[in-house]
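Work through these exercises with the sequence and the 3D view side by side. Try each task before you read its solution.

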Amino acid sequence: MIEHQDTIPADKDGKYQFQLNYSGREVPCLVEKEQQMLHVKIDENMEAELKINNDGTLTQTGGAQLPDSSIDFIKKQVLGLHI
């Protein structure tokens, strides 16, 4: 989708910021990881909650419905490819 920007280590809680291709344009995406939850804010006007399951998959638990492609991209940016 877009080029990857380095973030803090994926196994730690913290904030991650990157560009996300959403609805045909690149928008800023801010993700705050707290233990098994990801709090997602896209383009400063859309929010979603994602839960990290034990098998490494993500399940959306609240907020605006995100397409699977966006959830997959967020997973790669925050959790990396090792999960």
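The exercises below go from the overall fold to single residues.

This is a predicted model: local features need pLDDT of at least 70, side-chain atom pairs count only at pLDDT 80 or more, and totals for chains, interfaces and linings use all residues. Residues are numbered from 1 along each chain as its sequence is written, and side-chain values use heavy atoms, with hydrogens and water left out.

**Exercise 1. The elements**

Task: Find how many helices and strands the protein chain has, and list their order from the N terminus on.

Solution.
- Step 1: Know the terms. Helices (H or I, at least four residues) and strands (E, at least two) are DSSP runs, numbered from the N terminus.
- Step 2: Count. The protein chain has 1 helix and 5 strands.
- Step 3: Read along the chain. The order is β-β-β-β-β-α.

**Exercise 2. The sheet**

Task: Work out the order of the strands in the sheet and name its edge strands.

Solution.
- Step 1: Apply the pairing rule. Two strands pair if DSSP finds at least two bridges between them.
- Step 2: Follow the pairs. The 5 strands form an open sheet in the order β1-β2-β3-β4-β5, with antiparallel pairing.
- Step 3: Look for strands that pair on one side only. These edge strands are β1 (14-22) and β5 (58-63).
- Step 4: Check the turn between neighbours. It is 30° on average, direction ignored. Axes are lines fitted to C-alpha atoms, for helices over the stretch in contact, and angles run from 0 to 180 degrees between N-to-C directions.
- Step 5: Count bridges. β1 and β2 (residues 25-34) are joined by 9, β3 and β4 by 6, and β4 and β5 by 5.
- Step 6: Pick out partners. Q19 has P28 in β2 as its bridge partner. M37 is opposite K51 in β4. L50 is opposite Q60 in β5.

**Exercise 3. Helix on sheet**

Task: Find which strands helix α1 touches.

Solution.
- Step 1: Set the cut-off. Contact means heavy atoms within 4.5 Å.
- Step 2: List the strands. Helix α1 (residues 68-79) packs on the sheet and touches β1, β2, β3 (37-42), β4 (46-52) and β5.
- Step 3: Take the angle. The direction of α1 makes about 145° with that of β1.

**Exercise 4. Covered and uncovered**

Task: Sort the residues of β4 by face, then find which residues touch the most others in the largest nonpolar core.

Solution.
- Step 1: Set the scale. Buried means under 20% relative accessible area, exposed over 50%, partly exposed in between (1.4 Å probe, protein chains only).
- Step 2: Sort β4. M46, A48, L50 and I52 make the covered face, while E47, E49 and K51 make the uncovered one.
- Step 3: Define the core. A nonpolar core is a set of buried Ala, Val, Leu, Ile, Met, Phe, Trp, Tyr and Cys residues joined through side-chain atoms within 4.5 Å.
- Step 4: Find the residues. The largest such core has 21 residues, and V31 and I74 touch the most other members.
- Step 5: See who contributes. β1, β2, β3, β4 and α1 each give two or more residues. α1 gives the most, with 5.
- Step 6: Zoom in on I74. Its contacts more than four places away in sequence include F18, V31 and L50.

**Exercise 5. An aromatic pair**

Task: Say why the pair of F18 and F73 counts as edge-to-face.

Solution.
- Step 1: State the rule. Rings of Phe, Tyr and Trp (its six-membered ring) pair if their centres lie within 6.5 Å; planes under 30 degrees apart count as stacked, over 60 as edge-to-face and the rest as tilted.
- Step 2: Count. The rule gives 1 aromatic pair.
- Step 3: Compare. The ring centres of F18 and F73 are 5.9 Å apart and the planes are at 70°, so the pair is edge-to-face.
- Step 4: Place the rings. F18 lies in strand β1 and F73 in helix α1, so the pair ties together parts 55 residues apart in sequence.
- Step 5: Check burial. Both F18 and F73 are buried.

**Exercise 6. Loop residues**

Task: Decide for S23, Q35 and N53: buried or exposed?

Solution.
- Step 1: S23 sits in the loop between β1 and β2. S23 has a relative accessible area of 67%, so it is exposed. Its phi is positive, near 55°.
- Step 2: Q35 sits in the loop between β2 and β3. Q35 is exposed because its relative accessibility is 59%. Its phi is positive too, about 50°.
- Step 3: N53 sits in the loop between β4 and β5. N53 is buried because its relative accessible area is 17%. Leaving aside neighbours within four places in sequence, N53 is in contact with Q36, L58 and T59.
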